[in-house]
Structures are given as structure tokens and as C-alpha cells.
Amino acid sequence: MKHRSVIVAAIFGVAALGLVIVFAMSPAGGNKDVRSPILGKVAPALTGQNLHGGTVDLDSFKGEWVLVNFFATWCPPCVLEHPELVRLSKDDGGQLQVVSVGFQDSTAKVKEFFADNGGSWPVITGDSGQIGLEYGVKALPESFLVGPNGRVIAKFEGGITAKQVTDYITKAEAEAGADTSSSKSSQEPGS
Amino acid sequence: MNRALGLTGLIIGFGGSIVAIFMLIGALRTRRADLAKMGRAYSLVVLAGAVLAVVAMQLALAQRDYTILYVAQNGSSTTPFLFNVAAMWSALEGSILLWGIILAGYITVVAHKVRKRMDDPLVIWALIVMFAVSIFFFGLMLTAANPFVANSPAPGFDGPGPNPLLQNHVLMAFHPPMLYLGYVGFTVPFAFAIAALITGRVGEGWLIETRRWTLFAWGFLTAGIILGAWWSYEVLGWGGYWGWDPVENASLLPWLTGTAYIHSVMVQERRGMLRVWNLSLLCATFSLTILGTFLTRSGVVQSVHAFTAGSVGPLLLGFFALIVAVSVGLIGWRGDQLRSVGRIDSAVSREGAFLANNLVFAALAFVVMLGTVFPLIVEAVAGDALSVGPPYFNRMTMPLGLTLLFLMAIAPVLPWRKASGELLRERLWWPAWFGIGSLALSVVLGARGIAALLAFTIGGFAAGSAFRQIALATRRQGWRGLVGRANGGMVVHLGTIMIGVALAASMSFMSQGEFTLARGETAHIGGHTVRYVDSHTVEYNNRISLIARIKVDDKVVYEPRLNRFRASGQTVPTPSVKAGPRSDIMLSITSAPSEDDPSLGLRVIVWPMVTWIWVGGLVMLFGTVLAIFPGKRRNPLQAVSEPTPMELEHSR
Amino acid sequence: MTEVESSASQNGADGLGPSADEHVGVADAPKGASTKVKSRRAKQRQRWWWWLLMAGAALAVIVSSSSKPPTEGVGEERLFYLASQLKCVQCVGESVAGSAAPIAVQFRSQIREQMGKGLTNDEILDYFASRYDDVLLTPPSRGIGSLVWVLPVVVIGGCALGLGLAIRRWSETSGQARVMTDEDESLVAEALADDD
């Protein structure tokens with residue numbers, strides 16, 4: 001009988017110990033890795049009306065790095081992030097093609113926002129909620145880095161900085177270079 | 001000034017607990033009774049410290065003393081009086097302070113109750129354990145969760161006030177104290193259990209000592225959980241009363257093990273069996289309250305109720321690990337003395353039913369625990385992210401819940417030791433008809449669906465059993481047939497059955513819809529019509545409210561609100577609920593009318609029978625109070641198992 | 001043997017309510033009847049076929065009324081059923097059905113649209129699962145996630161089996177010492193009830 005109670009106590013002790021270890025290992029709120037099922041996949045189609053009437057199509061930027069940014073004028077971190085996007089944007093003298101999607105926002109407000117805060121890259125507004133779901137947008141702002149091969153390379157949740165994005169591209173290009181030079185490349189043709 | 005006062009209080013509490021432990025251990029070693037006799041005095045010192053700290057915090061909150069960081073973060077000049085008092089437990093540090101004063105209160109009452117028996121090692125050890133717990137919590141407040149951290153506010157600074165969700169309803173002022181009275185209350189039986197293990201007096205004496213304390217803590221925990229459900233129903237509105245949120249689960253876990261204990265302890269009192277099991281249940285209950293606090297405070301799991309992280313997490317986790325290690329170690333060490341005296345004669349007996357009940361409660365606790373921590377385990381082991389949500393919990397707990405209802409029907413009529421089939425059939429005859437009647441009634445009223453009908457039938461069966469017991473007891477004993485553990489227990493059963501049936505009904509037959517209504521427009525849902533009359537805004541001290549007037553069935557006017565809190569800028573809807581015996585109608589504004597779009601976004605939910613959850617809760621509490629009153633006089637030591645002479649000596 | 005007797009006497013003597021139950025057999029029976037001869041009605045209650053009939057009828061009614069979550073159409077009921085299976089990715093602890101957050105509103109309008117296109121429930125849920133990481137509130141039944149379903153069944157089943165076997169062993173060992181039959185015992189119970 002003594003043996004049995006010792007064994008049962010030991011089982012409970014080990015189970016509780018395991019639990020403690022799992023808890024101790026778990027990062028406390030907010031530090032979780034950014035994950036998305038669409039990473040590495042071909043970026044979902046992105047077409048729509050530009051602010052000024054023309055059409056925007058992600059496919060037309062194939063062959064270059066594109067940052068797809070989801071934002072809204074009513075979202076404070078999006079407003080904070082905006083100058084960084086201006087710094088990045090090729091259309092405003094930066095080195096990267098930026099495409100923005102106004103999520104659940106009115107065209108008039110977005111137009112006013114861009115007029116006030118600068119930025120001349122393509123912006124899709126209007127019925128854009130569907131696009132957000134296609135990309136798996138959880139909370140604004142969110143940005144997706146699409147590689148020259150048309151695949152989603154990275155996802156950024158929350159406000160980004162220009163440096164964060166350019167560093168990422170430099171790293172990815174260096175890796176891709178090393179990859180193709182070594183052997184079996186998993187890269188798509190055209191990368 | 002307030003800060004100095006508060007810190008002094010904390011230091012007195014911390015120091016007092018340490019001194020108390022030294023004195024009590026000294027008393028044990030030197031066998032000097034005079035040292036132990038001071039137990040009550042030590043507890044009063046600790047209580048005085050806790051009261052001083054709480055008074056300082058309340059003064060600081062009342063004066064909006066922003067030189068204290070906690071007040072700067074949780075106070076605001078616009079917060080109304082009641083919520084300003086409740087601001088003390090609306091964030092991490094203050095809620096630990098609440099924990100501290102409740103613990104000090106419990107220690108003082110226990111020390112007072114046992115003041116004449118301070119020469120008994122069991123009692124001394126129990127007090128030592130309680131003071132040790134108190135050292136931990138006061139230590140926590142002096143280090144990682146200090147409520148009196150200094151702050152130098154800019155001139156004209158005004159705080160944001162408590163979280164808007166927490167200022168939205170009066171219930172928030174009462175839910176945490178209730179819950180904590182329950183959580184902390186389990187310290188007392190736990191302390192006696194550990195003391196019994198240490199002194200080796202693991203017989204039935206310590207059980208009788210703590211029976212009422214356990215019921216008391218259990219009652220408050222029940223009240224706290226139900227108030228919490230009510231709060232989320234009234235305030236969150238959309239998600240209903242129970243969302244299987246990690247923090248809600250954390251409060252449910254000790255309740256499950258505590259409820260299992262309340263039942264299985266009767267087997268030990270009567271038959272001397274299940275000693276290891278009962279000790280384990282108590283230790284599990286107390287450690288689960290600490291684990292629950294850890295989950296709420298560490299930010300490991302995401303939850304509506306969770307407070308932001310800090311260095312509190314590792315400390316609480318360490319304390320949890322310590323409690324488990326001590327409990328498991330002691331139970332393993334005393335294993336040989338914990339051998340049962342009695343044995344079970346038949347599965348069809350009262351004790352057999354209690355065993356089944358314990359199995360189901362343990363299973364429920366296991367499922368809830370597994371579902372809560374499973375995402376963390378998968379993340380740690382495989383690196384995958386997955387969610388375990390309400391569909392999982394509902395599917396897993398429903399069969400277990402129905403089994404419990406069924407046991408509730410059978411168990412009360414079972415005699416101890418062994419029951420014959422004939423006896424069972426005789427006693428269950430009317431309860432069974434009650435079940436059939438309830439099934440017929442619900443079918444006639446239009447209820448469909450296997451789960452709901454099973455719940456109604458078995459619920460009726462169980463209610464029949466409980467009524468039968470109450471009727472027989474009152475017929476024999478008059479009003480005394482209502483008090484005492486077993487009779488009060490039947491009233492608690494009735495409350496539980498009400499809640500079970502109401503849960504089944506509200507989950508199965510709820511209907512909901514979302515509408516966009518222009519002024520004067522009507523929508524139809526669940527046999528009701530909903531018409532948007534008009535809306536206006538009202539400015540309050542701390543918020544601006546949009547109030548819409550909605551006419552339901554062309555009679556009753558509902559006024560759901562959308563509040564925008566000035567201090568934080570957050571928008572929080574206040575749903576409008578009108579309760580009825582058959583169903584509640586809940587209206588909640590989803591989008592306010594604007595200049596562009598004058599129509600109102602409205603969500604309508606028709607919840608059947610929800611009122612009966614709260615009524616059931618009240619009945620449970622009433623039953624608990626009845627159970628705490630002593631029933632027919634009976635020598636508690638007249639148990640079946642022969643106690644050893646030593647136990648007889650001490651537990652009187 | 002002595003142990004059985006002494007405890008049986010305590011059964012009747014103590015004051016706990018339910019054990020007051022030992023009085024019941026008598027209290028329910030008509031006053032004039034002796035404790036040995038029961039009235040016809042009381043006997044009827046004990047016929048097993050009455051119970052079988054009762055259970056059978058109840059089960060038949062219950063099973064025949066089964067209802068399943070809606071699988072087609074564009075009704076609100078189906079919308080909220082599907083929405084309750086999805087986690088609101090922006091909120092904490094809320095489902096898409098239970099949230100007022102903008103993203104949840106967007107999810108619901110997407111579900112509405114897909115219901116309109118005639119997609120099945122699984123197709124609609126898969127649409128979200130292939131875009132969001134841990135959006136399904138029901139853990140998967142394959143891979144490591146299936147453990148959350150299997151473990152409780154194994155552990156609870158194992159415990160139930162163990163408990164059943166233990167009780168059987170206990171009752172067998174104590175049964176050897178026993179000469180009383182069930183009938184004897186209920187007679188004792190009734191006789192004791194009379195004493196009170």
C-alpha cells in the first residue's frame with residue numbers, strides 16, 4: 001500500500017512538474033512569433049481601384065520586392081507608421097514598391113489622409129475587407145513583404161520601420177545568393 | 001504620506017508572519033505552551049498590517065494621490081465613488097493586496113477559534129502553514145507586486161481610471177472580493193491537511209475541524225464564479241455568460257476539485273476510506289487557486305480578464321511548484337499511515353455513488369485543465385499554434401455534466417454500504433416519473449434536440465430525487481429537516497439542477513440576429529419584433545453615452561448604450577437586457593448612427609431561461625447556508641471507522 | 001460479520017438526512033400494511049418492465065428529436081453557428097459570433113457571402129483556416145492536436161476501469177464474509193426504521 005501511494009504521488013508530481021516547465025517556457029503575452037499560413041505561398045491576388053481612379057494590380061510588380069501594407073486612418077499605430085512607409089516607397093524616393101490597402105475605411109478619408117501626410121504609392125480603398133481576409137489580416141497595421149518571385153516572404157504585425165524592412169530584404173537576398181551558388185535551390189525561377 | 005502608511009502596513013504584515021512562524025516553531029520545539037498561546041496576538045498583528053495597507057490604499061484612491069503609481073494608473077478624478085473603491089482590485093498589485101487582507105482575516109478568525117487548544121501540535125502546524133502562505137503574499141507585495149511604488153506626476157495629471165469594462169457594471173465591485181473569499185478560504189482546510197500530514201494524525205479529526213471552513217470557502221467561490229458569469233453576461237453581452245476563457249477556467253478548476261472533496265469527505269467521515277484521495281483533493285484545490293492566480297497574472301495565456309505581466313509570474317509559479325512538491329512529498333511520506341480502514345462492499349451504494357461522482361469531477365477538472373494548457377503544450381513541444389475553444393469544451397463537458405445530473409438523481413436515495421435493486425426501484429419510482437413528466441412537458445413546449453431533452457429529463461429525475469429527500473426529511477424533522485449538511489445539500493442540488501437545465505436550454509434554443517435599422521424600421525427575430533425608435537447622446541463625468549431607444553413587441557422600450565470613456569478613449573457597449581422567466585431579450589449596439597449613415601447597427605439575442613441560472617445560483621447559496629448550520633445533533637466522531645485514541649483526544 | 005451488523009445499526013441511528021431514508025420504505029407504504037406484505041401499488045413500482053417501458057419511451061422521444069447544426073441556406077442560425085466555430089483573431093477569448101470587433105464583422109460578412117455562394121460548412125471553415133493560423137476553435141482531430149481528444153478518453157476510461165475493478169475486488173473480499181442477502185438487509189433497514 002505504501003508503494004502504491006508513493007507511485008501515485010510520483011505520477012502527480014511528475015505531471016505537475018511538466019506543467020510548471022511548460023508554463024516557465026511559455027513567453028508572457030505578446031512575445032509570440034509572427035506566423036501565417038500564407039508565408040512562402042504565392043501572394044493572394046490584389047487588384048482594385050486606385051485613389052485617383054486607375055486600377056492597381058500586384059501582378060504588375062512581378063520581379064521586384066513589394067511591401068503590401070494594410071492600414072486605416074482610424075488606427076493610431078497606422079498613422080504613426082506612415083512616415084516610415086514614405087521613407088521606403090519608391091514612388092517617394094525610397095527603394096521599395098509599396099502598395100497600401102485601406103481596411104474598412106472610406107475613400108474620402110484615405111484621400112485626405114494621403115494629402116495631409118504625403119505618399120504617392122498606389123492605395124486600394126473601397127470594398128477591401130475581402131482582400132484583408134485573403135491575406136489573413138488580424139489587426140491593423142500589418143504588412144506583407146512579397147518577393148520578386150511573387151511569394152509572401154515575411155509578415156510584420158504592428159507598426160514597422162523602414163530599417164526593419166530593408167534589413168530583411170538584404171538578409172533574404174544574401175541567403176538566396178548563397179542558396180543558388182551552393183546547390184539544390186528551392187527558389188522559383190526568376191528569383 | 002499614504003505611501004509610507006501603506007508600506008508600513010505591508011512590513012508589519014510580513015514581519016508579523018515571520019515572527020509568528022518562529023514563535024510557533026519555537027513553541028513546538030521547546031514545548032512551551034505560553035509561546036503558542038500568543039497565536040491569536042500574532043494573527044492580530046498581521047491583520048493590523050493588512051488593514052493599515054488597505055486603508056492607506058483606499059485613502060490614496062479617494063484623495064487621487066497620484067504620487068502612488070498604482071493610483072496614477074488606476075484612479076481618475078472622473079471615476080464614481082463605488083468604482084473608485086473597487087479600483088483597488090481592478091489591477092494586479094491591488095488585487096494581491098485584497099488577497100492579503102482576506103488571508104489575514106481568515107488567519108485571525110482561525111486563531112481565535114482555536115485559542116483554547118493552542119497546545120495541540122496539529123493546530124500549531126496549521127497556523128504555521130497559514131502564516132507561511134501569508135509570508136509569501138506579503139513578500140510578493142514588498143517585491144514584484146508592490147502596490148505602493150512611488151510616482152512623480154506632472155502637475156495637473158489625471159489618471160485613466162480603471163479599465164472601462166470593469167467600470168461598466170456594479171457587479172464588478174463585488175465579483176472579485178467574493179472570488180477571493182473563496183480562493184483564500186481554501187487555505188484553511190489546506191493548512192489543516194498539511195498539519196495532519198506533518199503530525200501524522202491523518203485520521204478523521206482534522207476533517208471535522210475544517211468541514212465548515214470548506215463549505216464556507218466553497219460557497220464564496222460558487223458565488224464568485226456565478227457573479228463573474230453574470231458580469232460577462234451583462235457587460236460583454238455578446239459572448240454570453242461563459243466563454244471557456246482561460247481565466248474563467250482557472251476559477252472553475254478549484255471549484256471542481258473542491259466540490260469533489262465536499263462529497264468524498266463524507267465517505268471518509270462515515271467509512272474511513274479515501275484518506276489519500278481527500279488529502280490530495282484539498283492540496284489540489286489550494287494549488288489550483290495559486291495556479292489560477294498565476295494564469296491570471298502572468299500573461300502566459302491570453303484572456304479578457306488577465307492583467308498585464310510583470311515579474312510576478314515566476315514567483316507565483318515557484319510558489320505553485322513548492323506547494324505541489326510539499327503536498328506530494330508529504331503524502332508519499334505518510335503513505336503507510338493513510339491506509340483505509342473501511343472498504344467498499346458494493347458499487348451500488350452511497351459510497352459507490354460518491355466515488356463515481358469524484359471520478360466525474362476529476363474528469364471534468366482534467367478536461368478543463370487539458371483544454372486550457374493544451375495550446376501552450378503544443379506550442380512548446382511541436383511549435384504549432386492551435387486553439388482550443390468553446391466547441392471543444394462544450395462537447396467534452398456535456399456528457400460529463402449529464403452523468404453528474406444522473407448521479408444526482410440516484411445517489412441521494414442510495415443507502416450506505418449496499419442497496420438492493422428492489423429498494424432502488426421503490427425509492428426512484430416517483431423521481432423517475434418526475435423526469436418523464438419534465439420530458440413530456442418540454443416536448444409539448446416545443447423543445448427538440450438530444451442534448452437538451454436529455455438534460456431536461458435527467459434534470460427532472462434529479463430534481464425529483466432532491467424533492468423526495470427534502471420532503472421526507474421535513475416530514476420527520478420539521479424545519480430541522482432543511483438544515484444540516486445532507487439536507488442543505490439537497491437544496492444545493494436543486495440549485496445546480498436549475499443551472500444545468502437553464503444552461504442546456506439557453507445553449508440549445510438561443511436565437512440571434514444582426515440588423516441595420518433606419519429610424520422607425522422593424523426587424524423580426526425569434527417571434528419578437530424590434531423597432532428602432534430614436535437615439536440621443538448624454539454626457540457624463542467619465543464618459544459620453546449614445547443611448548438608442550428600441551421598442552420590442554411594440555410594448556417595452558429597451559435602451560442599449562454605446563459608451564465612449566473620456567480618459568481612455570475606449571468604446572464599450574452596454575447591452576440592454578430585460579429578463580423574463582421564459583427568456584431574456586438582449587439588445588446591443590454594434591455601430592452608432594453617423595452623419596453619413598443614420599442607421600443603427602443592432603444585435604438582438606433571445607436567450608431562453610437564462611434567468612434561471614442566476615436563480616439557481618441563489619438557491620445554491622441558500623442551500624450552502626443551510627448546510628453550514630448544524631443539523632440534528634450527532635456526535636461527529638461517531639464514525640464507522642474506529643478512530644485511534646489520540647485522534648479522539650484532540651478533535652473534540 | 002460483526003462489522004456488518006454494527007455499521008448497519010449506525011446507518012439507521014445517525015441523523016444525516018439521506019440516511020433517514022431507511023424510513024422511507026415504510027413511510028411510503030400504506031399505514032395498515034405490515035412491513036412484510038407490501039401493497040399492490042408498491043409492488044408494481046418494483047416491476048422491472050415498468051422501468052424498461054419508461055426508459056424506452058423516454059429514449060425514443062429523445063432520439064427521435066435529434067437536431068443538427070444547419071448545413072445549408074443563408075439563415076442567421078447557420079451564420080452564427082459557423083461564426084461560433086471561429087476565433088476572433090483580433091480579440092482575446094471571444095469567437096467571431098461573440099465579438100463586435102471590426103475584423104469579426106468582416107468575418108461574418110465573408111461567411112454570409114460564402115453561404116450565398118452555396119459553399120459547405122467545411123469549405124467555409126477551411127477558407128479561414130488556410131489564411132489564419134489558429135482560427136479554428138475546435139482543435140484538429142489529426143496530428144498532435146488529436147491528443148486533446150484522445151487523452152481524456154484514455155485517462156478517464158482508464159480511471160473508470162481501474163475504479164470498477166477495485167470495487168469489484170473489494171466487494172468480492174468482503175462478500176465472502178457475508179451471509180446476508182439483499183432481502184435480509186432491506187428487512188433490517190425497515191425494522192430499524194420502525195424503531196425511530
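1. In this predicted model, strand β3 (residues 66–71) of chain A is largely enclosed by the rest of the structure, because six of its six residues are buried. The side chains leave the strand on two sides: Val66(A), Val68(A) and Phe70(A) point one way from β3(A), whereas Leu67(A), Asn69(A) and Phe71(A) point the other way, and all of these residues are buried. A reader looking at Asn69(A) should therefore note that it is listed among the buried residues, for which the cut-off is under 20% relative accessible area.

2. One pairing of this strand is with β4 (residues 97–102) of chain A, and here β3(A) and β4(A) pair in the parallel sense over six bridges. At Val66(A), the residue standing opposite in β4(A) is Gln97(A). Between the two strands the chain passes through helix α2 (residues 76–88) of chain A, and the β-α-β crossover from β3(A) to β4(A) that results is right-handed.

3. Strand β3(A) is also joined to strand β6 (residues 142–146) of chain A, in this case by five bridges and with the strands running antiparallel. Val66(A) can again be used as a reference point, since its bridge partner in β6(A) is Val146(A).

4. Turning to the contact between chain A and chain C, 18 residues from chain A and 17 residues from chain C take part. The two chains bury about 1400 Å² between them, and 50% of this area lies on carbon and sulfur atoms. On the side of chain A, Pro37(A), Leu133(A) and Lys138(A) supply 44% of the area that this chain buries against chain C, which is more than any other three residues supply.

5. As for polar features of that interface, the rule finds one salt bridge across it; Glu134(A) forms a salt bridge with Arg131(C), with the closest N and O atoms 2.8 Å apart. Three residue pairs in polar contact are found across the interface of chain A and chain C, both residues of each pair being at pLDDT 80 or more. Helix α4 (residues 129–135) of chain A gives the most to the side of chain A that touches chain C, contributing five residues.

6. Finally, the secondary structure of chain C consists of nine helices and zero strands, and, read along the sequence, chain C follows the pattern α-α-α-α-α-α-α-α-α. Of its 196 residues, 40% count as buried. Among the contacts in chain C with a separation of 6 or more, 48% are accounted for by residues 24 or more positions apart.

How values were computed. Residues are numbered from 1 along each chain as its sequence is written. Chains are lettered from A and ligands numbered from 1 in the order in which they are written. This is a predicted model: local features need pLDDT of at least 70, side-chain atom pairs count only at pLDDT 80 or more; totals for chains, interfaces and linings use all residues. Side-chain values use heavy atoms; hydrogens and water are left out. Buried means under 20% relative accessible area, exposed over 50%, partly exposed in between (1.4 Å probe, protein chains only). Helices (H or I, at least four residues) and strands (E, at least two) are DSSP runs, numbered from the N terminus. Two strands pair if DSSP finds at least two bridges between them. A crossover is right-handed if, with the strands pointing away from the viewer, the path from the first strand over the helix to the second runs clockwise. Contact means heavy atoms within 4.5 Å. Buried area is the accessible area (1.4 Å probe) that two parts lose on being put together, summed over both. A salt bridge is a side-chain nitrogen of Lys or Arg within 4 Å of a carboxyl oxygen of Asp or Glu. A polar contact is a pair of N or O atoms within 3.5 Å; within protein, one must be able to donate a hydrogen and the other to accept it, and residues adjacent in sequence count only if both atoms are side-chain atoms.
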